[in-house]
Each structure stands twice: as C-alpha cells, then as structure tokens.
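Open the model in your viewer and keep the sequence panel visible. The tour below goes from one selection to the next.

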Amino acid sequence: MELLQKARKLESQGRDIVHMEIGEPDFATPDPVIRASVEILQQGQIKYTPAAGMPELREKIAQYYQRQYAVDVDPQRIFITPGASGAFLLTLGVSLNPGDEVLMTDPCYPCNSNFISFFDAVTRMIPVDAGTDFQLNAQLLEQHWGKRTRGVLITSPANPTGSVIAAKDLQQCVELVNGREGCLYSDEIYHGLVHGSAAASALQFSDRVFVINSFSKYFAMTGWRIGWLIVPEAYCDAVQRLAQNIFISTPSLSQHAALAAFSEENLEELENRAAEFARRGEFLYQELRRLGFAIASRPEGAFYIYADCSKFTADSYQFALDLLQQEGGAVTPGKDFGSNAPHRHIRFAYTTAMHRLEEGIRRLERFVGA
Ligand SMILES: Cc1ncc(COP(=O)(O)O)c(C=O)c1O
C-alpha cells in the first residue's frame with residue numbers, strides 16, 4: 001500500500017509508472033454485469049435483502065459448485081458477504097475463541113493474521129518454500145499442531161506466491177483437521193485463475209469445511225464488494241445471526257450484479273480473461289528468470305509471481321523503492337507477506353496489459369543492469 005501510494009504520487013507529478021504491484025484485475029466489470037445492474041438501478045428497488053443473501057443468488061452459487069466441482073451444496077449453507085473480507089470476518093467470528101491458534105503459511109496475504117488478532121486469537125505462521133510449492137501439507141500440520149490450535153487456513157491459488165495446493169495434499173489436510181475436530185478454512189478467491197488444471201475445492205473432500213470465495217478476482221468485481229462463504233451446517237445459525245448484526249445485508253445492487261455474472265455470455269468472457277492472465281503469467285515467468293530472478297517453484301495460478309531477488313539485493317524493500325524512483329516500475333516487497341525471508345522476495349502482479357508488462361521488463365532489465 002505504501003508503494004502504491006508512492007507510485008500514485010509520482011504519477012500525479014507526471015511520471016509514467018508501470019504497475020506490477022496491484023492485486024486486482026485490470027479488466028473492467030464485464031458488460032453483461034453492467035447492463036443487468038443498470039436495469040436494476042432504473043427499477044429503483046435497492047433494498048435490504050435477507051442477511052444470508054438473495055435466495056436466487058445462493059441457489060445460483062450452489063449450481064456453480066455442481067458444474068465446477070461436481071459437488072452438491074445445500075444453498076442454506078451459502079452466505080453472501082461483502083467480499084471475501086466479509087466472509088473471513090463471519091467465519092472467524094463464529095469459530096474462534098480468544099487464545100485459539102490458526103495455522104497458515106508464511107508468506108501469506110497479510111490481512112488474514114490481522115483478522116485473527118481482531119478476535120484475540122493467535123496466528124502461527126508456518127514457513128514454506130518451493131520444497132512444498134509454498135503450500136501446507138498434512139506433515140507440516142502435524143508438525144506444527146499445538147495445544148491451542150483450532151484452525152488451519154489454506155489459500156490456493158495463493159497470494160503472494162501463485163501456488164496451487166495439490167488435490168491430494170488438500171484432501172489430507174482436510175482429513176487431518178477434521179480428525180482433530182479443528183476448522184479448515186479454505187480461501188478459494190483465486191479459483192478460476194489457474195494456468196493448468198482446475199484447483200480443487202475443499203468441498204470436494206468434506207462438508208465440514210469453511211470455504212471463502214469472492215467475485216473480486218475471477219469475476220473482476222473488486223469494487224462491488226461481494227463474495228460468499230460456505231459453512232458446515234452446524235454453523236449456519238451462528239453465521240446468519242452474525243451477518244444480520246454486522247452487515248444487515250450485502251449491497252443488493254451487487255447481489256443482482258453477481259447473479260448476472262453467471263450468465264453464459266459472461267462466463268465465456270471470464271474464461272477469455274483467465275486465458276489472458278495465463279499468457280501474461282507465462283511471459284513474466286520466462287522474462288524474470290531470464291533476468292536472473294530465481295523462481296524455484298513455478299506459480300500455477302492467481303496473477304502473482306513471488307520471485308527471489310537475492311542475486312541483485314539483500315533488501316527487497318529498498319530494491320522496490322529504488323526501482324520505483326529510478327525507473328517508474330512498481331512492485332511489492334516481500335515484507336508485506338510475513339517474516340519468511342521477505343528481504344529476498346518481490347511480488348510481481350501481472351494485472352496490467354501485456355505491452356505494459358513488456359515495458360516493465362525493459363525497465364527492470366535496465367535497473368538490474370542485465
Ligand atoms: C488471498 C486473498 N484473500 C482475500 C482477499 C480479499 O478479497 P475481497 O476483495 O473479496 O474482500 C484478497 C484480496 O486481495 C486476497 O488476496
């Protein structure tokens with residue numbers, strides 16, 4: 001965020017900045033969604049909805065799970081939330097007590113541990129590297145499971161590493177956590193944005209998991225602030241009550257927009273965009289390696305590459321500042337994502353058009369003097 005602010009400031013002074021730090025799709029909200037939303041707006045019926053969300057939307061998401069993962073999900077277990085962020089708040093709010101511990105990877109999306117401390121619970125970060133594709137596995141969970149461990153968070157594809165957990169590992173993690181009566185939280189916000197075969201959902205292996213998802217990334221609707229949460233049946237009442245008290249409802253315009261996001265026309269457009277992200281990802285991966293960045297485990301999804309920059313610097317933060325200042329290239333230093341060798345890592349986001357990425361690489365090449 002600090003880098004982004006600096007980049008914006010330089011831009012306001014007339015500098016041309018290549019943005020490779022931004023964690024949201026550059027694509028606009030797709031047309032079918034905009035058209036449906038304008039119609040709803042013109043009808044003027046923008047009212048509260050049930051706290052759990054519009055029944056048609058919950059039903060539509062259940063159908064989507066059938067189509068994508070061949071799993072049956074009772075729509076009563078699906079809650080519409082203000083983004084994945086709202087879904088996290090509800091999930092952790094109903095399942096954690098003060099002092100409980102949640103295991104997650106280091107590096108990780110930084111807001112997660114802040115959410116956990118908001119509930120007076122504790123994060124135990126497990127350092128991961130290319131050896132496990134930057135993901136957790138059952139062995140790591142067993143090794144780090146403590147007396148106070150209550151939950152495990154798995155994010156796949158992950159931010160900042162773009163890594164995807166193997167289906168077999170996800171299944172073993174689900175089984176281990178269920179066997180210990182813990183809570184498995186699966187952040188699936190980058191599903192749909194995978195370069196190879198589709199990422200597995202934790203729901204394929206159990207009904208007793210919490211699945212967090214969103215319209216922000218694959219659906220390119222960050223600013224609509226809408227996501228969803230699927231919970232084990234035993235938690236439905238608690239989530240319903242918490243959602244009612246905290247949000248009353250997710251914005252109804254966004255819910256109508258999300259309904260339109262499942263039209264065939266829209267899904268086709270989203271698939272084209274996912275293919276474009278994959279093309280950019282491949283380009284950036286090859287180019288960064290050519291310049292001398294080490295990427296030991298090939299990222300398979302999201303729109304990030306977490307590259308080791310130790311060939312050029314011992315301080316990725318200073319590297320990012322200097323790159324911005326000297327060449328107008330904006331990237332995110334590792335220190336945003338944890339304490340596992342952050343100084344050696346930079347996150348590159350390919351949320352910008354191909355010709356801008358090419359320009360970014362030219363600037364980076366000049367900067368590192370390759
Ligand atoms: C891994 C991960 N989870 C959750 C979120 C929050 O997303 P939302 O916009 O749906 O609140 C983000 C946002 O970047 C993210 O990267």
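Start in the interior of this predicted model. The largest nonpolar core has 102 residues, and Phe 79, Val 152, Leu 184, Leu 229 and Phe 348 are the ones that touch the most other members. Select these five and show their side chains. Helix α4 gives this core its largest share, seven residues. Both domain 1 (2-23 + 266-368) and domain 2 (32-262) contribute at least three residues each to the core.

Next, keep Val 152 and hide the other four. What is Val 152 in contact with, leaving aside its neighbours within four places in sequence? The list is Val 102, Leu 103, Leu 136, Leu 141, Cys 173, Val 177, Gly 182, Leu 184 and Tyr 185.

Now select strand β5, residues 149-155. Six of its seven residues are buried, so the strand is largely enclosed by the rest of the structure. Add strand β3 (residues 101-106), which runs parallel to β5 and is joined to it by three bridges. To find one pairing, look for Val 102, whose bridge partner in β5 is Gly 151. Then add strand β6 (residues 183-187), which pairs with β5 over five bridges, also in the parallel sense. Here Thr 155 stands opposite Asp 187 of β6.

Move on to the ligand. Which of the 13 residues around the ligand come nearest? They are Gly 83, Ala 84, Ser 85, Ser 214 and Ser 216. Select helix α4 (residues 83-95) as well, since the largest share of the shell around the ligand, three residues, comes from that helix. Colour the shell by class: three residues are nonpolar, nine are polar and one is charged.

Finally, zoom out and colour the chain by domain. Domain 1 covers 2-23 + 266-368, and domain 2 covers 32-262. The centres of the two domains, taken over C-alpha atoms, are 26 Å apart. Their contact takes 26 residues from domain 1 and 32 residues from domain 2.

Stay on the side of domain 1 that touches domain 2. Select α10 (264-291) and β9 (304-308), each of which supplies at least two residues to that side. The largest share, eight residues, comes from α10. By class, this side of domain 1 has 13 nonpolar, nine polar and four charged residues.

Conventions. Residues are numbered from 1 along each chain as its sequence is written. This is a predicted model: local features need pLDDT of at least 70, side-chain atom pairs count only at pLDDT 80 or more; totals for chains, interfaces and linings use all residues. A residue is near a molecule or strand if its C-beta atom, placed from the backbone, lies within 6 Å of it. Helices (H or I, at least four residues) and strands (E, at least two) are DSSP runs, numbered from the N terminus. Ala, Val, Leu, Ile, Met, Phe, Trp, Tyr, Cys and Pro count as nonpolar, Asp, Glu, Lys and Arg as charged, and the others, Gly among them, as polar. Domain bounds come from an automatic or database domain assignment. Two residues are in contact if their C-beta atoms, placed from the backbone, lie within 7 Å. A nonpolar core is a set of buried Ala, Val, Leu, Ile, Met, Phe, Trp, Tyr and Cys residues joined through C-beta atoms within 7 Å. A residue is buried if 20 or more other C-beta atoms lie within 10 Å of its own, exposed if 12 or fewer, and partly exposed in between; C-beta atoms are placed from the backbone. Two strands pair if DSSP finds at least two bridges between them.
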